[in-house]
Amino acid sequence: MKRHLFRIIKLLCLILAIGLTVGVLQEYVFCHADHNRQRLKGFYEEEPQSLDIVYLGASEVYSDIAPGYAYAHSGVTGYLFATQANSILNYKSQLKNVLSRQDPALIVIELNGALYGDEKEVHKEANLRNYADNVPLDFTKLEWISRNARENFAEYLFPFIKYHGVWGDDSDPDRHKYLKTIIGDQLRGYNYLKGILNETAMFRNTQRSMNESLPKSVRSKKPLTPAEEHGLRDLLQFCKDNDLHNVVFARFPHIVVRRTFSRFERSNTVGDIVAEYGYDYLNFERDFALTGLDEEKDFYNLDHLNVYGQKKFTAFLTDYLTKRYGVTPREQSAKCRREWDTCADYYDAYFAYSDSLIKKGERRELSEDCELIETLNDYLPRHSGG
């Protein structure tokens with residue numbers, strides 16, 4: 001009997017050891033490491049119930065908003081829970097992720113993920129995996145997989161199956177850089193820039209901008225694709241069913257030209273759908289003049305702000321949200337205050353470094369990674385402890 005029990009215990013220990021080994025390998029070896037993973041992993045390092053505003057969406061979120069500067073500007077803490085080319089099919093699960101860790105005064109959901117106008121883009125595997133591969137396996141993820149994994153179910157459940165071949169693969173040098181960054185963030189307990197990614201350029205638009213005429217085009221609408229409308233309504237119904245009063249939907253600024261006007265028309269349709277459920281839709285694309293942005297200086301392409309625009313829009317939006325929705329900075333622990341003071345210093349360094357590159361005409365993509373942080377140490381204010 002004892003021998004039989006001993007064998008069972010050994011078997012259970014073996015299973016546990018295998019599970020732990022696979023878990024570690026999946027987390028740090030058999031994975032696709034990039035800025036999306038670093039940004040989402042960083043969210044789970046934030047002290048629970050410590051954030052005032054969480055921003056959810058796609059690349060507009062992590063290029064246009066600077067949480068470190070928002071904190072320096074008004075004391076409001078925030079995070080960018082956003083992934084590249086985010087699909088509306090991810091949004092409800094992402095909102096659940098946010099609510100599982102934080103109780104922010106406000107959650108701002110930028111709805112670019114409902115505006116592609118292309119069913120293939122909505123269901124594109126890379127756009128889904130930028131989110132799904134980088135969050136913990138829990139009931140929220142299991143629900144997402146059951147709804148959205150059309151094929152390769154096991155790969156979504158255990159991503160190491162898909163990425164087991166990356167071991168020893170040096171074709172993507174950034175992968176090792178981001179793995180080191182993620183480990184560094186976890187050892188520190190937070191990331192410095194909250195997932196910012198920007199480019200050092202001033203966009204020179206050669207097409208006729210339509211921004212000044214957009215307020216007159218509010219009645220111009222185009223339908224969403226079936227998947228986009230279903231995903232949007234599913235998200236809104238979840239908010240309504242759970243009586244969420246701290247959610248606001250938004251459209252961040254873009255330079256609208258004839259080629260992208262249909263996306264603006266879909267955005268007007270989104271605004272109508274959001275209103276059906278009783279929520280606000282803040283359309284800063286249509287109401288561009290309110291932001292104070294300069295089309296010739298504050299963008300690095302048609303859709304994304306450079307650091308000059310990022311700083312302006314962060315200050316504008318923070319002031320707008322705190323005044324309209326009564327967001328006030330919550331009491332923070334001494335540890336959190338020190339960390340956020342450091343984050344503010346690193347954003348100052350990020351801005352200074354970006355500014356220097358733009359003035360030299362050097363266009364680079366600057367995401368929060370260990371190599372950039374090392375460079376920014378030379379730009380930190382002297383009083384900063386890093």
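A cavity is a set of points, on a 1 Å grid over the protein atoms alone, where a 1.4 Å probe fits but cannot get out, and its lining residues have an atom within 4 Å of a point. The model shown in these views is predicted: local features need pLDDT of at least 70, side-chain atom pairs count only at pLDDT 80 or more, and totals for chains, interfaces and linings use all residues. Residues are numbered from 1 along each chain as its sequence is written, and side-chain values use heavy atoms, with hydrogens and water left out.

**View 1. The largest cavity and its lining.** The whole structure has 2 cavities of 30 Å³ or more, a volume being the space filled by probe spheres set on the grid points, which are joined across faces, edges and corners. The largest cavity holds about 50 Å³. Its lining consists of Ile-53, Tyr-55, Ile-65, Pro-67, Ala-70, Val-76, Thr-77, Gly-78, Tyr-79 and Thr-318. Two or more lining residues come from each of strand E1 (53–57), helix H4 (67–74) and strand E2 (78–82); helices (H or I, at least four residues) and strands (E, at least two) are DSSP runs, numbered from the N terminus. The lining has 7 nonpolar, 3 polar and no charged residues, where Ala, Val, Leu, Ile, Met, Phe, Trp, Tyr, Cys and Pro count as nonpolar, Asp, Glu, Lys and Arg as charged, and the others, Gly among them, as polar.

**View 2. The second largest cavity.** This cavity has a volume of about 40 Å³. Around it are Glu-46, Glu-47, Ser-50, Tyr-190, Lys-194, Cys-336, Glu-339 and Trp-340. By class, 4 lining residues are charged, 3 nonpolar and 1 polar.

**View 3. Cys-336 without a disulfide.** Cys-336, part of the lining in View 2, is buried (under 20% relative accessible area, 1.4 Å probe, protein chains only), with a value of 3%. The closest cysteine sulfur, in Cys-343, is 9.7 Å from that of Cys-336, so the two are too far apart for a bond. The whole structure has 0 disulfides (pairs of cysteine sulfur atoms within 2.5 Å).

**View 4. The largest nonpolar core.** A nonpolar core is a set of buried Ala, Val, Leu, Ile, Met, Phe, Trp, Tyr and Cys residues joined through side-chain atoms within 4.5 Å. The largest has 99 residues, of which Tyr-55, Ile-109, Leu-111, Leu-193 and Phe-249 touch the most other members. Helix H15 (residues 334–360) contributes the most, 11 residues. Another core, apart from this one, has 5 residues, among them Met-210, Leu-214, Val-256 and Phe-261.

Technical notes
Buried < 20%, exposed > 50% of the residue type's maximum accessible area, 1.4 Å probe, protein only. 1 Å grid on protein atoms, 1.4 Å probe; cavity = no way out; pocket = protein on both sides within 12 Å on 5 of 7 lines; lining within 4 Å.
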